[in-house]
Amino acid sequence: MRLMSFLGTTTAALVLAACSNGGGSPDDQLGPNPKLPPQNQYLVPPMHIARPTPWGDALPTVAPGLRVAAFATGFKNVRTLYTLPNGDILAVEPKAPQEPVTRPKDILVGWIQSLGHSGVKGADQITLLRDADGDGKPELRTVFLDHLQSPFGIVLVGTDLYVANSDGIVRYAYTPGATRIADRGTLLTELPGGLINHHWTKSLTASPDGTKLYVGIGSNSNITEAGMEAEKDRARIWEVDRMTGAHRDFATGLRNPNGLRFNPESGQLWAVINERDELGPDLVPDYMTSVKDGAFYGWPWSYWGKHVDPRVMPQRPDRVAKAIPPDYSLSSHVAPLDLIFAQGPSLGARFANGAFIGEHGSWNRGAFNGYKVMFVPFANGRPAGKPQDVVTGFLDDRNRARGRPVGLAFDKAGALLIADDLANVIWRVTAIR
């Protein structure tokens with residue numbers, strides 16, 4: 001009873017604090033040179049949760065010239081989408097691993113965050129959807145793979161299908177057109193997991209020549225609260241030899257890298273990064289960046305290059321001196337979880353060259369941020385201009401969450417597919433012709 005009383009009293013205080021400290025305009029933090037305000041440190045961060053509400057008859061709002069409809073419904077925590085060469089769509093439905101929570105602060109934060117989540121349990125499976133006639137409604141739906149361990153990333157190279165579970169990359173033999181894989185696969189390489197596995201999602205992609213895999217491995221904490229030993233091999237991107245499983249650090253200092261994709265124009269690896277919390281509603285900006293081989297991006301000792309985080313002990317000025325800034329700020333606490341590059345003008349000329357980003361949405365600033373899919377235009381392989389909202393309306397007019405976008409994919413017709421893990425819907429966005 002004392003714990004519940006404490007939680008209730010603290011929750012009310014946090015909500016009031018969040019509403020009184022909503023944060024500045026996100027527009028000030030969009031682009032290559034975001035405004036970085038002074039730091040605020042909190043014993044417990046102010047939290048502002050968007051409570052779930054059904055879509056009902058409503059639909060997401062799309063940019064002019066586009067339309068949206070539900071592609072498929074009734075999933076169990078749908079997070080990642082992947083399109084096979086024959087047009088089949090794979091929908092990854094993980095169950096988050098359970099980890100011990102011992103600090104009262106973590107118990108409180110976890111409980112409050114849970115108020116904004118779907119009550120649907122993940123299935124630790126991958127579902128296949130086949131829309132053979134291209135009418136935007138799959139005629140076939142099967143369990144393609146199951147008995148997985150919190151899967152997230154997925155990529156096909158030739159006839160080898162790779163799935164990044166929370167603790168390892170597994171290789172499966174894929175037959176084109178198959179609707180199920182029954183074998184248990186072969187472990188290619190273990191990934192950092194363990195009893196504490198804070199950022200368990202492991203994004204996955206392959207190099208353009210298919211010889212290497214790249215996997216994102218998030219940190220085990222916000223800013224090393226569990227100690228540096230818990231961060232061994234975390235907060236980085238590994239390059240993995242596809243045949244042997246041997247790996248090396250490709251880039252480090254990336255708190256939680258997701259949406260790993262190669263830019264088809266430049267051949268450069270890009271990712272979106274969830275940055276640290278508890279420094280204020282406008283710190284630290286989440287970002288997208290080209291990922292440079294051997295680069296260090298600051299976590300945990302600094303952010304946006306050499307801006308020092310004083311909470312991390314011991315301080316490492318030698319590491320801070322090597323930190324480089326990312327390419328493009330998405331503003332603070334939007335929680336970007338996927339990025340996909342445009343595939344020509346299938347959604348119109350203005351969306352023909354650039355990156356679509358799925359933003360899961362904030363929980364720790366007074367004014368909500370994210371909860372949308374946006375588009376960053378590119379030119380000559382680089383971001384070129386302000387982002388544009390593509391799909392919004394995930395928050396209703398009372399700031400309740402109808403949905404939360406996560407994974408993105410293009411189907412064989414060039415429509416944009418969006419995984420909504422709150423409503424457990426896959427949305428399909430097409431151009432009005």
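Let us start with one pair of residues: Leu-81 stands opposite Ala-91 in β5. What you are looking at is a predicted model, and this pair is a handy way into it. Leu-81 belongs to a stretch where strand β4 (residues 80-83) is joined to strand β5 (residues 89-93) by 4 bridges, the two strands running antiparallel. As background, strands of a sheet pair through backbone hydrogen bonds, in either a parallel or an antiparallel way. Here β4 and β5 make a hairpin, with 5 residues between them. In the turn you will find Gly-87, whose phi is positive, at about 100°.

Stay in that loop for a moment and look at Asp-88, which also sits between β4 and β5. Is Asp-88 buried or exposed? Its relative accessible area is 2%, and because buried means under 20%, Asp-88 counts as buried. Which side chain does the side chain of Asp-88 meet in a polar contact? The partner is the side chain of Arg-130, at 2.8 Å. Leaving aside neighbours within four places in sequence, Asp-88 is in contact with Tyr-82, Thr-83, Leu-128, Leu-129, Arg-130 and Ala-178. Tyr-82 and Thr-83 take us back to strand β4, which covers residues 80-83.

Next, another loop, this time between β7 (140-145) and β8 (153-157), where His-147 is found. His-147 has a positive phi of about 55° although it is not a glycine. Ser-150 is found in the loop between β7 and β8 too, and its phi is also positive, near 50°, again in a residue other than glycine. How do these two residues stand with respect to the surface? His-147 is exposed, with a relative accessible area of 59%, whereas Ser-150 counts as buried at 1% relative accessibility.

Now turn to the aromatic rings. How many aromatic pairs does a search of the whole structure find? The search finds 16. One of them is formed by Trp-270 and Phe-378, an edge-to-face pair with 5.2 Å from centre to centre and 65° between the planes. Trp-270 lies in strand β17 (residues 269-273) and Phe-378 in strand β24 (residues 372-379), so this pair ties together parts that are 108 residues apart in sequence. Trp-270 is buried, with a relative accessibility of 0%, and Phe-378 is buried as well, at 6%.

Another edge-to-face pair is made by Tyr-287 and Trp-304, whose ring centres are 5.9 Å apart and whose planes make an angle of 85°. This pair links distant parts of the chain: Tyr-287 is in strand β18 (residues 285-290), while Trp-304 is in the loop between β19 (302-303) and β20 (307-308), 17 residues apart. Both Tyr-287 and Trp-304 are buried.

Rings can also have a charged neighbour. Arg-316 lies over the face of Trp-301, 5.5 Å from the ring centre. Arg-319 lies over the face of Phe-296, and here the distance to the ring centre is 4.0 Å.

While you are in this part of the chain, look out for two prolines. The peptide bond from Trp-299 to Pro-300 is cis, with omega near 0°, and Pro-300 has its place in the loop between β18 and β19. Met-313 and Pro-314 are likewise joined by a cis peptide bond, with omega at about -5°. Pro-314 is found in the loop between β20 and α3 (317-320).

Our last stop is a sheet. Four strands form an open sheet in the order β3-β29-β28-β27, with antiparallel pairing. Which strands are at its edges? They are β3 (66-73) and β27 (405-410), each of which pairs on one side only. Direction ignored, neighbouring strands of this sheet are turned by 25° against each other on average. Looking at one edge, we see that β27 is joined to strand β28 (residues 416-420) by 4 bridges, and the two run antiparallel. Within this pairing, Leu-408 stands opposite Ile-418 in β28. Finally, the aromatic rings come back into view here: Phe-410 forms one aromatic cluster together with Phe-351, Phe-356 and Phe-375.

How values were computed:
Residues are numbered from 1 along each chain as its sequence is written. This is a predicted model: local features need pLDDT of at least 70, side-chain atom pairs count only at pLDDT 80 or more; totals for chains, interfaces and linings use all residues. Side-chain values use heavy atoms; hydrogens and water are left out. Two strands pair if DSSP finds at least two bridges between them. Buried means under 20% relative accessible area, exposed over 50%, partly exposed in between (1.4 Å probe, protein chains only). A polar contact is a pair of N or O atoms within 3.5 Å; within protein, one must be able to donate a hydrogen and the other to accept it, and residues adjacent in sequence count only if both atoms are side-chain atoms. Contact means heavy atoms within 4.5 Å. Rings of Phe, Tyr and Trp (its six-membered ring) pair if their centres lie within 6.5 Å; planes under 30 degrees apart count as stacked, over 60 as edge-to-face and the rest as tilted. A charge sits over a ring if NZ of Lys or CZ of Arg is within 6 Å of the ring centre and within 35 degrees of the ring normal. Axes are lines fitted to C-alpha atoms, for helices over the stretch in contact, and angles run from 0 to 180 degrees between N-to-C directions.
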